[in-house]
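This report looks at a pocket, a set of aromatic contacts and one helix. Please have the model open while reading.

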Amino acid sequence: MAGSDVQDNKVAACDTHGQATKDVLATPYLMYDRRRCTLAVQGVCQMNLNIVRCGVLCVAGFSATTLVAAQQGSSMSNNQPNQPNQQQNQQQNNTAMGTGMAGTMSGAAGANDPTGQMMKDKMFLRKAGEGGLAEVQLGQLAAQKGSSDDVKQFAQKMVDDHTMLNNSLKPIADDMGVRVPTKLTKKDQAEYDKLNGLSGDDFDKEYLAYMVKDHHEDVRDFRDEDEQVTDSNLKPAVEKGLRVIRDHTRMVDKLAKAKGVATPGRGGATAPPAQ
């Protein structure tokens, strides 16, 4: 019985870790077991302390790992999208710069457009003046040297109509600072000299061929100017001139075909002379 009680007391002391341990250590006849129980209690306490330490370390390690992972995740989420964001921002900046440059260039073009159109108007007036002068002087020559009444009548119409057009364009040219030509260009002067050396049917064909070429070019020039001109004084004169030159073109094409002279066909191709 005594041995069984001692064993029970040792078990109770080791299990309770508290007050039971004190009772066991205070019992006189359990001096031998006191050391064992104390060691057992200390072992249990040490084991519990180690468990607590391990738990604390595990919790701390898990928390640290979680914190590091969270920081890394946050850093990756901030850094990785940063590259697309930087590229997107760069693209946006480039687009903004391109839009700004386009807007600036467009604005500059819009600001320079009146000046550009004015230069085109001046060039048109200069060329129209040269062409008009040639029509008048070549027409005067053809009205004298033409071998057929049709050619002479057409030549006189060129003198009358182009004199009228020249007179309507001259005041506008003066207002825009365009100097109206008073003599033929080298090309027109060369044609005048060539015609002056011809006579009869050769003269008629050469004159008509030159008039066909010249009037088709004039139609294009007047049409282009009519589509672009904005000057309120010049536009009516251009519209009127375009109507007159179109009438001349139809007339000269008909005369040229009757004389066997080639005329421009559709699409700008040259139609063969009539047989």
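Which element gives the most to the lining of the largest pocket? Helix α4 does, with 7 residues. The model is a predicted one.

**The pocket**

The largest pocket holds about 270 Å³ of space. Its lining consists of 20 residues. Nearest the centre lie K127, E130, G131, D214 and D218. Four elements each give two or more residues to this lining: α4 (82–145), α5 (149–175), α6 (186–196) and α7 (200–228). By character, the lining of the largest pocket divides into 8 charged, 7 nonpolar and 5 polar residues.

**Aromatic pairs**

Aromatic contacts come next. The whole structure contains 3 aromatic pairs. Two of them are set out here.

| Pair | Centre to centre | Angle between planes | Geometry |
|---|---|---|---|
| F124 and F222 | 4.9 Å | 80° | edge-to-face |
| F154 and Y207 | 6.4 Å | 65° | edge-to-face |

Why is the pair of F124 and F222 called edge-to-face? The planes of the two rings stand at 80°, and an angle over 60 degrees counts as edge-to-face. F124 sits in helix α4 and F222 in helix α7, so this pair ties together parts that are 98 residues apart in sequence. Are the two residues buried or exposed? F124 is buried, with a relative accessible area of 8%. F222 is buried too, at 7%. Both values fall under the 20% limit for buried residues.

The pair of F154 and Y207 is also edge-to-face, with ring centres 6.4 Å apart. That distance lies within the 6.5 Å limit for a pair. F154 belongs to helix α5 and Y207 to helix α7, and the pair links distant parts of the chain, 53 residues apart. F154 and Y207 are both buried. Which residues form one aromatic cluster? F154, F203 and Y207 do.

Helix α7 thus recurs in this account: F222 lies in α7, Y207 lies in α7, and α7 is among the elements that line the largest pocket.

**Helix α8**

Helix α8 covers residues 234–258, which makes 25 residues. How does its span compare with the expected one? At 1.5 Å a residue, α8 should span 36 Å. The expected span counts one less than the number of residues. The end C-alpha atoms of α8 are 36 Å apart, so the two values agree. Just after α8 comes G260, which takes a positive phi of about 80°.

Methods
Residues are numbered from 1 along each chain as its sequence is written. This is a predicted model: local features need pLDDT of at least 70, side-chain atom pairs count only at pLDDT 80 or more; totals for chains, interfaces and linings use all residues. Side-chain values use heavy atoms; hydrogens and water are left out. On a 1 Å grid over the protein atoms alone, a cavity is a set of points where a 1.4 Å probe fits but cannot get out, and a pocket is an open set with protein on both sides within 12 Å along at least five of seven lines; lining residues have an atom within 4 Å of a point. Grid points are joined across faces, edges and corners, and a volume is the space filled by probe spheres set on the points. Ala, Val, Leu, Ile, Met, Phe, Trp, Tyr, Cys and Pro count as nonpolar, Asp, Glu, Lys and Arg as charged, and the others, Gly among them, as polar. Rings of Phe, Tyr and Trp (its six-membered ring) pair if their centres lie within 6.5 Å; planes under 30 degrees apart count as stacked, over 60 as edge-to-face and the rest as tilted. Buried means under 20% relative accessible area, exposed over 50%, partly exposed in between (1.4 Å probe, protein chains only).
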